[in-house]
Amino acid sequence: MDVGLTSHTPGQTGNDRTASWAQILVTGELKSNAKKINYVDTLIDLATYTREVFRAQYRRFVLGFTLCGSRMRLWHFDRSGSAASQPFDINSEGLQFVRVIIGYHLMNDKQLGLDPMIQQQPDGQQYVEITRDDQIERLILTEEIKRPAVIAGRATTCWGAYCAQDQWKKPLIVKTSWQYEERPEEGELIKEATENNVEHIARYYHHETVQVDGKNDDTIENVRRGMLNAEGRIKFTQKSSSKPSAAASEPRRESVAGQNSNLRKRPSSANQMVPSKRSCLGSPPEPTIHNRVHRLIITRDPGKPIWQASSPGALLTGLVGAIKGEALIMSIESIANFTLGHESSLNAGILHRDVSIGNIMLTEDENDGFLIDFDLAIKTASIEACGAPGKTGTKVFMAIGALSGDRHTFRHDLESFWWVLFWLCKHLDGLTGEGEGKFINDKLYESWNYYATEELAKQKTGVVSKRFFDTDVTYTECCKPLIPCLKKLHK
């Protein structure tokens, strides 16, 4: 990163100019050519740095600026996208430039975009506070489980936690995400399912809409407060700068490192192979801004992803637990003959719509499985009523019909379970049960992350054709015991 504003780290000397992404308060990008103020590459460079700040810090939004020659433009990035000012000349409008720089320095943490929901004890331990049953509870965050490297989107972040008032310290999962306001609240769906004794899903503990300044925290009213999206006001030049685009490479890391945190992080080497959820949502037909609401959901029973299973049998246990929603029958024949998968949630009138490798969990003792992440779920009675944009699901695992634009039904969810098993058989090459899960690269199927949905539907149709499927033998060694099951389900 060329320039930016940073916070001071205690003990850091004046000669030490190295900063971590956790210290960056305002991002900046410098160009010598004033014409590049409207180049797409200039925005991409700034956005790449901003993404790293979102990855390293708990932020509601990030402020930034581009300075090209003497032309300056101010930027605002949040979970709905970006907004920007008109450019101004710092030579002819020097007072405006001084106001901007002084303004950045005078801002407090909340004005700079740090999330006030995440608080810190004197010993450095992070926590969140909720009001449950008219009592304030402090949830101690012990382990960061998931934090995606994205700017716009749901930005789902999860922690392991426990209630400070609970002497047994029973494990909880704390999850925040920025959901489309048009979608049903995930917390309400999980609460209703738990109250109806639905099995094999994450059990409800609490949910709420995050409050900031006494108001619901959303991107349009609370975060932006009237600002427009940049795409509607700026005509960008589709011209590349002389150096490679920052979108194609990671930002320079020799002087900017990762975040130092008191939270323990789960191993991430395997996570890098798990298909990204952000790349899997269909885009709206028009580049328009959509309001996102900051939600907080707490559930019980942490569990672990099925790709962390210790054996093929345990992996199937997790898969079947999510599919059947009832007592498990551990045999390939009974697995292959299921017809009403994940019926527990269907009996509650809930359609999941995002069956994926990251949303199928295995209990810690590996004797059962369950579904998590109801961000995209919907009540079956109101399946036509959701106004949120885009096709729904994690693209790599979406059913062919859903990719083609058909109305999403429970049959598409069932097909997604098959694609999860297929993907595991192609990529999972080691089962340790210790949280690492060894993956291998497969360029053919990794490219599915980047296909348009209609093109991916054609690719998947070829994969399931009898001519291709009956002759395909490129499966990983550790998953070969699962091939008879995969083929029976294919038939």
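pLDDT is the predictor's confidence in each residue, from 0 to 100. I start there since this is a predicted model. The chain averages a pLDDT of 80. Of the residues, 75% score at least 70.

Two stretches need care. Over residues 278-286, pLDDT stays under 50. The model has 20 contacts there beyond four places in sequence. Residues 325-341 also stay under 50. For that stretch the model has 38 contacts beyond four places in sequence. I leave both stretches aside.

Now the core. As a general point, nonpolar side chains tend to be buried together in soluble globular proteins. Here the largest nonpolar core has 54 residues. Which residues have the most contacts inside it? They are Ile360, Leu421, Phe422 and Leu424. Several elements each supply at least two residues of this core. Among them are helix H4 (186-195), helix H6 (312-324) and strand S19 (360-362). Helices H9 (400-403), H10 (410-427), H12 (453-463) and H14 (483-490) are on that list too. H10 gives the most, with nine residues.

Take isoleucine 360. Set aside its neighbours within four places in sequence. Isoleucine 360 is then in contact with Lys304, Pro305 and Ile306. Its contacts also include Gly318, Leu319 and Ala322. Val355, Phe370 and Leu371 touch it as well. Phe417 and Val420 complete the list.

Stay with H10 for a moment. Tryptophan 423 is found in this helix. Is tryptophan 423 buried or exposed? It counts as buried, because its relative accessibility is 2% and the cut-off for buried is under 20%. Tyrosine 475 is 52 residues away along the chain. The C-alpha atoms of tryptophan 423 and tyrosine 475 are separated by 9.5 Å.

Next, the surface. Leu95, Val98, Ile102 and Leu106 form a nonpolar patch. Together they have about 410 Å² of accessible area. Leucine 95 is found in helix H2, residues 94-106. Leucine 95 counts as exposed because its relative accessibility is 55%, and exposed means over 50%.

On to charges. In general, side chains of opposite charge can pair when their charged atoms come close. How many salt bridges does the structure hold? The structure holds 20. I will show three.

The first example sits within one helix. Glutamate 52 and arginine 55 meet in a salt bridge, at 2.9 Å from N to O. Both residues lie in helix H1, residues 40-56. They are three residues apart, about one turn of the helix. Glutamate 52 counts as buried, at 2% relative accessibility. Arginine 55 is partly exposed, with a relative accessible area of 32%.

The next example spans the sequence. The side chains of aspartate 213 and lysine 110 meet in a salt bridge, at 2.5 Å from N to O. Aspartate 213 lies in the loop between strand S13 (211-212) and strand S14 (215-216). Lysine 110 lies in helix H3, residues 109-112. The pair therefore ties together parts that are 103 residues apart in sequence. Aspartate 213 is partly exposed, with a relative accessible area of 44%. Lysine 110 counts as partly exposed too, at 33% relative accessibility.

The last example is arginine 154 with aspartate 354. Their closest N and O atoms are 4.0 Å apart. Arginine 154 lies in the loop between strand S9 (135-146) and strand S10 (157-163). Aspartate 354 lies in the loop between strand S18 (350-351) and S19. So this pair ties together parts that are 200 residues apart in sequence. Arginine 154 is buried, with a relative accessible area of 8%. Aspartate 354 is buried as well, at 1%.

This pair belongs to a network. Salt bridges that share partners join Arg154, Lys175, Glu186, Asp354, Asp373 and Asp375.

Finally, the backbone. Most residues other than glycine have a negative phi. I have two residues with a positive value to show. Arginine 353 has a phi near 70 degrees. Arginine 353 is placed in the loop between S18 and S19. Its relative accessible area is 7%, so arginine 353 is buried. The other residue is aspartate 373, with a phi of about 65 degrees. Where is aspartate 373? It is in the loop between strand S20 (369-371) and strand S21 (378-379). Aspartate 373 is buried, with a relative accessible area of 7%. Asp373 is also one of the residues in the salt-bridge network.

Note on methods
Residues numbered from 1 in each chain as written. Heavy atoms only, no water. Contact = heavy atoms within 4.5 Å. Core = buried A, V, L, I, M, F, W, Y, C linked by side-chain atoms within 4.5 Å. Buried < 20%, exposed > 50% of the residue type's maximum accessible area, 1.4 Å probe, protein only. Helix = DSSP H or I, 4+ residues; strand = E, 2+ residues; numbered from the N terminus. Patch = residues over 30% accessible without salt bridge, like charges linked within 9 Å, V, L, I, M, F, W, Y side chains within 5 Å. Areas by Shrake-Rupley, 256 points an atom, 1.4 Å probe, with all protein chains shown as cover.
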